[in-house]
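Got the viewer open? Here is a short tour, one selection at a time.

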Amino acid sequence: MDELIYKMKSIRLSAMSEKLNIRIQEAAANELSYLEFLNNLVDDELTVRRDRLLNKRLRQAMFPYMKTISEFNFAFNPSINKQLIKQLVSGAFVANHENILMIGPPGVGKTHLAIALAIEAIHKGFSALYKSIFDIASDIVKNQDRVIGGFLKPDLLIIDELGMKNLNPAANEIILEVIHRRYQRTSTVIATNRPIEDWGNIFGDNATASAILDRFLEQVHLLKITGRSYRLRNHESKEQKNG
């Protein structure tokens, strides 16, 4: 037995080696066939490997926090297209290399929804990466080539808070290059509080903005969110009570 466990570990079947004794006892107690016993043991290994990969991808995504669809309060801002969100949860938009554009004022849930959809995509086997415009500005200063390479790898890239910070021309060019090279190969989510008409001002160049929009909007799911800031709900409740 010890020799078999050692051999399993040596070929990196750690989950099988850990569950071996339990599965032997289970097989004996339930009179399982050799095939059933082996199938259960292999399932143990596959389950552990899937969990490890899932956790690895969640770490690599660099989410600022973990938020799920089930935690989102759709009743707070009824303007949200709940049917579209349900459609996007399937992850088909990632498989089809489609994009998502979320437009709305601060606090209405854009970041929450973007992260939640990315988590759903990770559970379906895709990789994801979250970057706010502030992260991008900081990363570009450190190493431009590495930033571009890192942004091209994930199946799903989230660019959050676009328009909240003015970038220099070099940074704008990098974002354009990233969107251009991800075009029809991967999926990108952009969350912004600025309408499409303002993107020329965001990038400081109407030609650059037009080039980005031309590629990004070709296959895009548009999610416009209006309404109150969810972050200010407690403040509003206190004002109502005091009033």
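Which side chain does Lys-124 meet in a salt bridge? Select Glu-120: the side chains of Lys-124 and Glu-120 pair up, with N to O at 3.4 Å. Keep in mind as you click around that this is a predicted model. Turn on a surface and you'll find Lys-124 partly exposed, with a relative accessible area of 40%. Glu-120 is partly exposed as well, at 22%.

**Stop 1: a salt-bridge network**

That pair belongs to a bigger tally: a search of the whole structure turns up eight salt bridges. Side chains of opposite charge can pair when their charged atoms come close. For a linked set, select Arg-23, Glu-26 and Asp-44, which are joined in a network of salt bridges.

Begin with Glu-26 and Arg-23, whose closest N and O atoms are 2.8 Å apart. Both sit in helix 2 (residues 14-30), and because they are three residues apart there, about one helical turn separates them. Now swing over to Asp-44, which forms a salt bridge with Arg-23 at 2.7 Å, N to O. This pair ties together distant parts of the chain, with Asp-44 in helix 3 and Arg-23 in helix 2, 21 residues apart.

Buried or exposed: what is Arg-23? Arg-23 counts as buried, because its relative accessibility is 17% and the cut-off for buried is under 20%. Asp-44 is buried too, at 10%. Glu-26, at 27%, is partly exposed.

**Stop 2: along helix 3**

Stay on helix 3 (34-60) and pick Leu-54, which has its place in that helix. Leu-54 is buried, with a relative accessible area of 18%. Show its contacts and, setting aside residues up to four places away in sequence, you get Ile-122 and His-123. Draw a C-alpha to C-alpha distance from Leu-54 to His-123 and the value is 6.7 Å, although the two are 69 residues apart in sequence.

**Stop 3: the nonpolar cores**

Next, go for the greasy part. In soluble globular proteins, nonpolar side chains tend to be buried together. Here the largest nonpolar core has 35 residues, and those with the most contacts inside it are Phe-63, Ile-69, Ile-85, Met-102, Leu-113 and Leu-156. Colour by element and you can see who contributes: helix 3, helix 4 (82-89), helix 5 (92-95), strand 1 (99-103), helix 6 (110-123), strand 2, strand 3 (156-162) and strand 4 (187-192) each supply at least two residues. Which of these gives the most to the core? Helix 6 does, with nine residues.

Centre on Met-102 for a good view. Leaving aside neighbours within four places in sequence, Met-102 is in contact with Lys-110, Leu-113, Ala-114, Leu-117, Val-189, Ile-190, Ala-191, Thr-192 and Leu-223. There is also a second, separate core of 27 residues, which includes Leu-101, Ala-137, Phe-151 and Ile-212.

**Stop 4: strand 2 and a pocket**

Click on Ser-132, which is found in strand 2. Ser-132 is buried, at 6% relative accessible area, and touches Asp-160 and Glu-161, again not counting residues up to four places away in sequence.

Strand 2 (128-132) also helps line the second largest pocket. Select Met-62, Leu-129, Lys-131, Arg-146 and Gly-150 to find the spot: of the 16 lining residues, these lie nearest the pocket's centre. About 370 Å³ of space lies inside. Helix 3, strand 2, helix 7 (133-142) and helix 8 (144-152) each supply at least two lining residues, and the largest share, four residues, comes from helix 8. Colour the lining by class and you get six nonpolar, four polar and six charged residues.

**Stop 5: the cavity**

How many cavities of 30 Å³ or more does a search of the whole structure find? Just one, with a volume of about 100 Å³. To frame this cavity, select its lining: His-97, Asn-99, Ile-179, Arg-182, Tyr-183, Gln-184, Thr-186, Thr-188, Arg-215, Phe-216, Glu-218 and Gln-219. Helix 9 (169-182) and helix 11 (206-216) each provide at least two of the lining residues. By class, the lining of the cavity divides into three nonpolar, six polar and three charged residues.

Key
Residues are numbered from 1 along each chain as its sequence is written. This is a predicted model: local features need pLDDT of at least 70, side-chain atom pairs count only at pLDDT 80 or more; totals for chains, interfaces and linings use all residues. Side-chain values use heavy atoms; hydrogens and water are left out. On a 1 Å grid over the protein atoms alone, a cavity is a set of points where a 1.4 Å probe fits but cannot get out, and a pocket is an open set with protein on both sides within 12 Å along at least five of seven lines; lining residues have an atom within 4 Å of a point. Grid points are joined across faces, edges and corners, and a volume is the space filled by probe spheres set on the points. Ala, Val, Leu, Ile, Met, Phe, Trp, Tyr, Cys and Pro count as nonpolar, Asp, Glu, Lys and Arg as charged, and the others, Gly among them, as polar. A salt bridge is a side-chain nitrogen of Lys or Arg within 4 Å of a carboxyl oxygen of Asp or Glu. Buried means under 20% relative accessible area, exposed over 50%, partly exposed in between (1.4 Å probe, protein chains only). Contact means heavy atoms within 4.5 Å. A nonpolar core is a set of buried Ala, Val, Leu, Ile, Met, Phe, Trp, Tyr and Cys residues joined through side-chain atoms within 4.5 Å.
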